[in-house]
Each structure stands twice: as structure tokens, then as C-alpha cells.
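Here are my notes on the model, set out point by point. Please read them with the structure open.

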Amino acid sequence: MKNYKRLLIYIKPYLKRLGAAIICIIVAAGANLYVPWIIKDMIDKVLADKNMALLNVICIGIVVVFLVRGIFYFGQSYLVSYIGQKVIIDIREVMFRKFQRMPMSYFDKHQTGETMSYITNDVAAVQAALVENLIELFTESSILIGSIAMMLYLDWKLTLLTLIVVPMVGYAMKIFGKKIKANGTVIQERMADITSMLQESISSIRVVKSFVREDYEIKRFCDENELNFQAAMKNVQLTSLLTPTVEFLAAIAVTFIVWFGGYEVINGTMTAGALVAFLTYAVNLANPVKRLSRIYGKMQKAMAAVDRIFHVLDLQEAVSDKENAKILPPVKGHVSFKNVTFSYDGTHDALKNVSLEVKPGEMIAFVGPSGAGKSTIANLIPRFYDVNDGEILIDDNDIRDVKVHSLREQIGIVPQETVLFSTTVMENIRYGRLDATDEEVIAASIAANCDEFIKQLPNGYDTFIGERGLNLSGGQRQRLSIARAILKNPRILILDEATSALDTESEKIVQSALDDLMVGRTSFVIAHRLSTIFDADQIFVIDHGKICEYGSHSELLKMNGVYANLYHIQFKDE
């Protein structure tokens, strides 16, 4: 109920429409309740007394009542659907905002498909509960309450006898509801697995085809599909058992009515028309109970998705602004690490007591074996993660004391794997600064040595480059990434092995663009190829999370240590 109440909070902005919808539902349900009363009057007054005038009134009344019912039925369907759809849009937006604020550590531990499943499959399950079942819930509840009221009016003793079965129905729904909800959680997890597998397989389709693993991927998908089928069938078993159980209990109630009502008619304490009307209301009572049991099952399944959604919304955002965080003013680029220690898993340190100082405009390089901690340093500067111990200062400002967006706005990153979006070349570069003019975008492209190849594309800067820019070469994608960084015009620049995946010719072009980009900026370069960092002001050699050597290229060679060893390995032929 806690999460269900939280879900209802999202309906609060639409209370006026909800009130109008409830009025429509009550009126439409009231029209249904009028039918048994017509049957009673037909038997006790029209047929018994041969009252033609009353017959005419009843016929006109039927037409009017069902006309009104149709109008209000449309009103209830439209208003409830409107509210349900708006609530779903709001929840989907809240989920997306949450994922945008989640720290990098969350995405390190969760698959992309799993994250997508929350916004697609889980929210869709909530949509089914709110839109499809909410109308039925209100309608059947109104008919249920109205039928009980009319039954009490006709014969309170017979009504009380009938309602003995209600606690049994409630107990059955409680037992089945727990099982259905638990199984609903399994279904949502299976759907998340399918989404993850799909995302992984389709995004890696080139690898799949190159290794001729189509049949293997099909088998993986079929296995996941089968697990989802089994979970779905378990849900069908439970809901299919719930409905006949409730129907059987309702049949017991009808049996009581037939026997005791017949006894009262025989003894003259109840008219035949009243008994028929009572039986009709009892059927009206049984049908809502049966439908409510089905709705209850669906709602419990949906609540499993609601629980998953609120679990994510309740996750702590590890990297967030302090209450008194200030805006980081325009920086000069003076960066200091003071005894920084950091661990990804809380057990193994990726960095241990790292201290370094970088003056504004300096080019700093990090080298070392894979897994030594080079990229970790780069990830800590824009505060993708928070340090476990020590501090990182930019112009004497602890980066944990400033607003995250004001920090990252002044840092440009050119990663090893360029990420481009499925839009035009112009919009991909403009991502660096959304308010940039077309002229500024073109100027950044010229500075990044990519204007020439862009003009050769079918539609120039308006060419759609496809998903992740796969229609372009690696060097072209990297130059677009550099143009994006130039357009942002950051004071601090991070180059994370930006040329390591390129061929020699592309590397020279990209490196030329990078050299121009680094002029006048504080630059951190994570290097795989040592030839790209010979001119660095300082080179830090990282090994096992510690700085084991640092100095200029010539100074490090004279030390004849780790750096010299790396240098001789790469340039042994020369």
C-alpha cells in the first residue's frame, strides 16, 4: 500500500478531472442499477395490474436512461484514459530524470537494456494498471456498492445472508494476490533480461556476423523468451484459479438467495418481482466481484512493476550537490590532487594517496600499464565519481563544494570511443554548446580539421550520420568529437587515449587537431602511444594506483625506470 499511495500522488495534479470522471462513473453505474428495478415494476405492477400507462413510462425511461448512460460512459472512458496517460508520461519523465542524475557507478553495474526496461516495460505495466483497470475498478465498485444498497432496501435479512460469503472472497483474493504480485516481479525481471539481451545483440551485430554467431544469438534469445513464457504462464495459472474460486463462492451466495427468497415468496413476505429484482442485483453483485478479482490480479502484477520503479527512484544519487554548494566561477585551470584515494567496489583501491599539481595551461600526461589507474584519475576530475579520501581542487575550490553542472561545463572530454547521435553532423557538433550558431559550428569544424570531409558528405553539415556515427570512419568520428570539444571551449581538457584506435594517417590528422585544441588549456592526456606526449610539461607514470615516477620525457628516460622500459618496448626497432 505504501508504493500504491505514492503512485496515487502522481494523480494529484489531475484531481478535478478525476472528480468529473468519478461522477461520470457513478451516473453510468446508476443506469445499470435501474434495470433490475424495471423488471420488478414489470412483474409486480405492469403484468399483474395490466397497467399500459406505466408500461409506456417504463419504455420511455429505458431509452432516456441508456442515452444518459452512453454520454456518461464516454465521459468516464475519456477522462480516466486522459489521467492515466498523463500519469504515465509524468512517471516516465521522472524515471528518465533519475537516470540522468544517477552516478557512473550505477551504469557500471547495470546493463543498458535493464535500464531501458524500467522506462519501457515497467512503466507500460503501470499504464495497464492505471488506464485499463482503473475504469473497471471504479465502475465495478460503484455497481457493487449500488447493488448492495438496493438489496438492503428490498430485503435486509436476505442481504445479510448473502454477504456472509464476502469475507471468504476477500481471503481468497488476499492469498492469490500475494502470489500474483511475487510472480509479477519475476515477469518484469524476465522482460528486463530480454530487453538487455536484445540491446546487447543488436548493438553488437557486426561482431555477431563477423564470428558467424547468428544461430548462437537466436538460441540465447529463445532461451530468454522461454523463461519469460514460463513466468507468464504461471501468472495465467494464478489468475485463472482466482476467478473460478470467486465464482464458486458467489454461486454459494446465489444458492442462499434462491432458497431463502423462494421461502419468503411462498410465505407471502416478499413479492415475486422483488425476488427477481433481488436475484438480478445479486448477479450484478457477483459479476463485479468476479471482475474485481480479475482486476485485483492485474493490479498486483502491475504493483510488482511499481515496486521496481520506486526502488530505482529511491536509490541514492552518490554524486550530488551539497545543500550549500556554490557555482564554480570561470577557472584558470590550476588543478591539485591531495592524497587522493579511490575505490570502485569499496574493497580494492584503484588509486592510493595520489598527489599532483598542475599549473594553468600545462599539458600533463598519464602513462602506465592497463588497469594502473590512469582513466580513474580522468574520471575523478569531472566528478563522475567522488573520492573516498583526500581532495581534488580546481583553483583552490574543492570540487565537492561546487555545483556539478558548473564544474563539468568548464571541462572538455575527448574519449577513446567517440559517441555520436543519430542526427545531423551539425547537431552532433553543436552538442558541445547548444546555443552555438551555424557559423561557430563551422569554425570549430575547421579548427578540428574536419570541415573538408564534412563538405564531401551527401548533404554536408545536414547529413544524418546514422546510429553512433557508424557511417563515418574512426578518424572522422574522432575529429567530430574534437570539434565538439572546441565549440565548448573548456578551460580544462581531458584526452582519454583519443588516438589509440586510429591508423597512422588518421592519427596524424587527429593529433594535429588535438595539438591546436590544447593550446592555452590545462590538458590531461592519457596516452597509449608515447610519441603523442613527448612535449608534455609533466608525465606521470601510474602503476598499481600510485605515481611511481614523474617528470619530463627526457628526465624520465634518464631515470631508466618504468617509463624508460615502456619507451624501449615501443621504440625498440628505432
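1. Helix α16 is mostly covered, with 12 of its 15 residues buried. The buried set is Gly475, Gln476, Gln478, Arg479, Leu480, Ser481, Ile482, Ala483, Arg484, Ala485, Ile486 and Leu487. Please keep in mind that this is a predicted model.

2. The length of α16 was checked. The helix covers residues 474–488, and at 1.5 Å a residue its 15 residues should span 21 Å. The C-alpha atoms at its ends are 21 Å apart, so the expected and computed values agree. Directly after α16 comes Asn489, which has a positive phi, near 55°.

3. What does α16 pack against? One partner is helix α14 (residues 438–447): the two axes lie 8 Å apart, at an angle of about 125°. An angle of 65 to 115 degrees would count as roughly perpendicular and one over 145 as roughly antiparallel; α14 and α16 are therefore oblique to each other. Their crossing is right-handed. On the α14 side the contact is made by Glu440, Val441, Ala444, Ser445 and Ala447, and on the α16 side by Ala483, Ile486 and Leu487. Those three residues of α16 are also among its buried ones.

4. On spacing within a helix, a general remark helps. An α-helix has 3.6 residues a turn, so residues three or four places apart point the same way. The α16 side of the contact includes Ala483 and Leu487.

5. Arg430 deserves a look alongside this helix pair. Arg430 sits in helix α13 (residues 425–430). Is Arg430 buried or exposed? Its relative accessibility is 11%, and the cut-off for buried is under 20%, so Arg430 counts as buried. Leaving aside residues up to four places away in sequence, Arg430 touches Ala436, Thr437, Asp438, Val441 and Leu487. Of these, Val441 and Leu487 also take part in the contact between α14 and α16. Arg430 and Leu487 are 57 residues apart in sequence, while their C-alpha atoms are 7.3 Å apart in space.

6. One sheet is open and has six strands, in the order β6-β7-β8-β3-β9-β10, with mixed pairing. Its edge strands are β6 (411–414) and β10 (546–551), each of which pairs on one side only. From one strand to the next the twist averages 20°. Within this sheet, β3 (residues 363–367) and β9 (residues 538–543) pair in the parallel sense over four bridges. Ile364 has Gln538 of β9 as its bridge partner.

7. Lys374 belongs to helix α11 (residues 374–380). With a relative accessibility of 8%, Lys374 counts as buried. Not counting residues up to four places away in sequence, Lys374 touches Phe366, Val367, Gly368, Pro369, Glu497, Ile526 and Ile542. The C-alpha atoms of Lys374 and Phe540 are separated by 9.3 Å, although the two residues are 166 apart along the chain.

8. Another open sheet has four strands in the order β2-β1-β4-β5, and here the pairing is antiparallel. The edge strands are β2 (349–358) and β5 (397–398), each pairing on one side only. How many bridges join β1 to β2? Six do, linking β1 (residues 335–343) to an antiparallel β2. In that pairing, Val335 stands opposite Val358.

Key: Residues numbered from 1 in each chain as written. Predicted model: local features only at pLDDT ≥ 70, side-chain atom pairs only at ≥ 80, totals over all residues. Heavy atoms only, no water. Pairing = 2+ DSSP bridges. Helix = DSSP H or I, 4+ residues; strand = E, 2+ residues; numbered from the N terminus. Buried < 20%, exposed > 50% of the residue type's maximum accessible area, 1.4 Å probe, protein only. Contact = heavy atoms within 4.5 Å. Expected span 1.5 Å × (residues − 1). Axes fitted to C-alpha atoms, helices over the stretch in contact; angles between N-to-C directions. Parallel < 35°, antiparallel > 145°, perpendicular 65-115°, else oblique. Left-handed = near helix turned anticlockwise from the far one by under 90°.
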